[in-house]
Amino acid sequence: MRTENEIKYLMKAIDAFQKRLIVISPDFEILAANTPIAELTDREPVGNYCYELFNDRSSPCDNCAAREALADKRPSVCPKPGSLAQKGLMPCYYAYPIYNGEEIEAFVSMDFDIPTIDLLEEKLQRSNAFLEKLLQSAVDCVVAADMSGNIFLFNESAVDLFGYSLKEALSNLNVRDIYPGDGAYEVMKAMRGPSHGGKGRLITFHTNGLAKSGEQIPISLYASVIYEDGKEIASIGFFHDLRNRIKIRKELETTQVQLLQAEKMASLGKLAAGVAHQINNPLGGIILFAKLILEEYDLEDGVKNDIERILKDADRCRNIVKELLEFTRQTRHLMRPNDLNHALKRTLFLLESQALFQNIEIKEDLDENLPRANSDVQQMYHLFMNLILNAVQAMDGKGTLTLKTVAHPDKNHVQIEISDTGPGISEEALTQLFEPFFTTKEEGKGTGLGLSLAYNIVENHGGSISAENNPDQGAIFIIKLPIAHKKKQGEERGE
Ligand SMILES: Nc1ncnc2c1ncn2[C@@H]1O[C@H](COP(=O)(O)OP(=O)(O)OP(=O)(O)O)[C@@H](O)[C@H]1O
Ligand SMILES: [Mg+2]
């Protein structure tokens, strides 16, 4: 049972309701009316017949929602006689039966503006156009296809990514064409299975897309099957291009490796500098006293020879220490604008008389107009010597060594390429190549310091060095060094 208070508020709510509302008996006598009805007529509505009061008739109106509701025993809507639709809304009467058990006891009848079909269609069209725009301008590619794979939706990003025009895509492109190999089948299989976000769905599925150009594009795919009455009717996929993300990740990895490398080089440098310093002093003593003995004593030839041998070996030690100090940046570098073609030729000249070069064909492809690079020529000799020696050692005495120089298209660097026809470098070795002491050579044949020295030299010159395998055969080392400032060009050759 409703409380008096509840009834009071219900009545207030009905009155506050801006639509006209009456309750009528099955023979159309007005049983109750809200305030907007009372405002329509001077007479008291309750107790009158609605057709009499509102339409001045002696019998129920022909076009009456309550009459229809009485006949059909369910809610009914009728347009108001003589009214026209305005702004897409049609004024109507709405009648709703009130039951007492099985019997209709009364009707609620009220005014109601119903949107016309035109308005609904217009709204539908607007919402379709909006949806279309939304899909068309989505940052990710959106592609939808029917169950035979015929594409019927291909947005602007899809045109950009896959390289097909919209016309091409919609006229004869099949979803199988935008994946390499069995890709489309794999995607459908994963989508129908439960393991990628539930049946009929695919969440962050990493695969490759196939562009018109033949390029395979790494993508992350969100897709789903579209069902109608439980039947698969289409599928829709959202493709996210991963190339940029992969590029950034690679750059980050490279930076990390370089940082690690630099850190290692720095600590190795400190160690070597310390050792060099410690050796230099006793070495000075050995040389000094050996010389004193030679000068102050009248020695037998045999002893003299031995002392001279001591001096010679001590001198070699000094040279090694010097190299070590250079390696660890402890000596002053002389930076000059150098012709690196010349430095390369000079290094080659020093090396090629060695037995190891006997069956090596040497190809020079040197850019005659190579800009000079601001560099320490001594260090350039070290750099080229290590790379050339590595290349020739890798070819094991037979093959072709190619030296190429070229001005880098960015106009700020010169590029030097040293390539060979040896066995190339394994994937694993490629990641450790420039680390100190990394070597694949047997003990006594390699210390694994050549490339880390090369790395250090290039780094000190503000350049970069990388290694890769030639597509045909062998390895290629690519060095980029900054060119000398224009004003400094034309200065001495600096060797
Ligand atoms: N041109 C090349 N072809 C194939 N592998 C190479 C080439 N250059 C270098 N490597 C590989 O890189 C490793 C490291 O080279 P790195 O010059 O640093 O040391 P190393 O030559 O072994 O010893 P070191 O130069 O100190 O005598 C080599 O052992 C070899 O495995
Ligand atoms: Mg080496």
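A residue counts as exposed if 12 or fewer other C-beta atoms lie within 10 Å of its own, and as buried if 20 or more do. Keep that handy for the exercises below, and remember that this is a predicted model.

**Exercise 1. Classify Lys-87 as buried or exposed, and place it in the chain.**

Start with the count: Lys-87 has 8 other C-beta atoms within 10 Å. The cut-off for exposed is 12 or fewer, so Lys-87 is exposed. Next, find its spot: Lys-87 sits in the loop between β3 and β4 (89-100). Finally, take a distance to Pro-26: the two are 61 residues apart in sequence, and their C-alpha atoms are 34 Å apart in space.

**Exercise 2. Work out which strands stand at the edges of the open sheet of 5 strands, and say what that leaves them without.**

Write down the order first: β2-β1-β5-β4-β3, with antiparallel pairing. Now read off the ends: β2 (30-33) and β3 (76-79) each have a single partner strand, so one side of each has no neighbour in the sheet. From one strand to the next, the twist averages 25°.

Then zoom in on one pair. Strand β1 (residues 21-24) and strand β5 (residues 103-115) are antiparallel and share 4 bridges. To get your bearings there, look for Ile-24, whose bridge partner in β5 is Phe-107.

**Exercise 3. Decide what the radius of gyration says about the chain as a whole.**

Take stock of the parts: there are 14 helices and 17 strands. Compare the two radii: the chain comes out at 45 Å, well over the 23 Å that the globule rule gives for 495 residues, so it is more spread out than a compact globule. The spans along the principal axes of the C-alpha trace are about 155 × 55 × 50 Å. As for burial, 24% of the 495 residues count as buried.

Now bring in the domains. The assignment gives domain 1 (4-115), domain 2 (121-241), domain 3 (246-327) and domain 4 (336-488). The C-alpha centres of domain 1 and domain 2 are 52 Å apart.

**Exercise 4. Check the span of helix α5 against the expected value, then judge its surroundings.**

Helix α5 (residues 117-136) has 20 residues. From first C-alpha to last it reaches 28 Å, close to the 28 Å expected at 1.5 Å a residue. For the surroundings, count the buried residues: the number is 0 of 20, so α5 lies largely in the open.

**Exercise 5. Trace the pairings from β8 through β9 and β10 to β6 and β7, and pick out the residues with positive phi in the hairpins.**

Step one: strand β8 (residues 201-210) runs antiparallel to strand β9 (residues 216-228), with 8 bridges between them. Gly-209 has Ile-217 as its bridge partner in β9. The hairpin leaves 5 residues between these strands, and Gly-214 has a positive phi near 100°.

Step two: β9 and β10 are antiparallel too, over 10 bridges. Tyr-227 is partnered by Glu-232 in β10. Here 2 residues lie between the strands, with Asp-229 at a positive phi near 50°.

Step three: strand β10 (residues 231-241) pairs antiparallel with strand β6 (residues 141-146) over 6 bridges. Ala-145 finds its bridge partner in Ser-235 of β10.

Step four: β6 also joins strand β7 (residues 151-154) through 3 antiparallel bridges, where Val-143 stands opposite Phe-154. With 4 residues between the strands, this hairpin has Gly-149 at a positive phi near 95°.

Note on methods. Residues numbered from 1 in each chain as written. Chains lettered and ligands numbered in written order. Predicted model: local features only at pLDDT ≥ 70, side-chain atom pairs only at ≥ 80, totals over all residues. Pairing = 2+ DSSP bridges. Axes fitted to C-alpha atoms, helices over the stretch in contact; angles between N-to-C directions. Rg over C-alpha atoms; globule rule 2.2 N^0.38 Å. Expected span 1.5 Å × (residues − 1). Domains from an automatic or database assignment.
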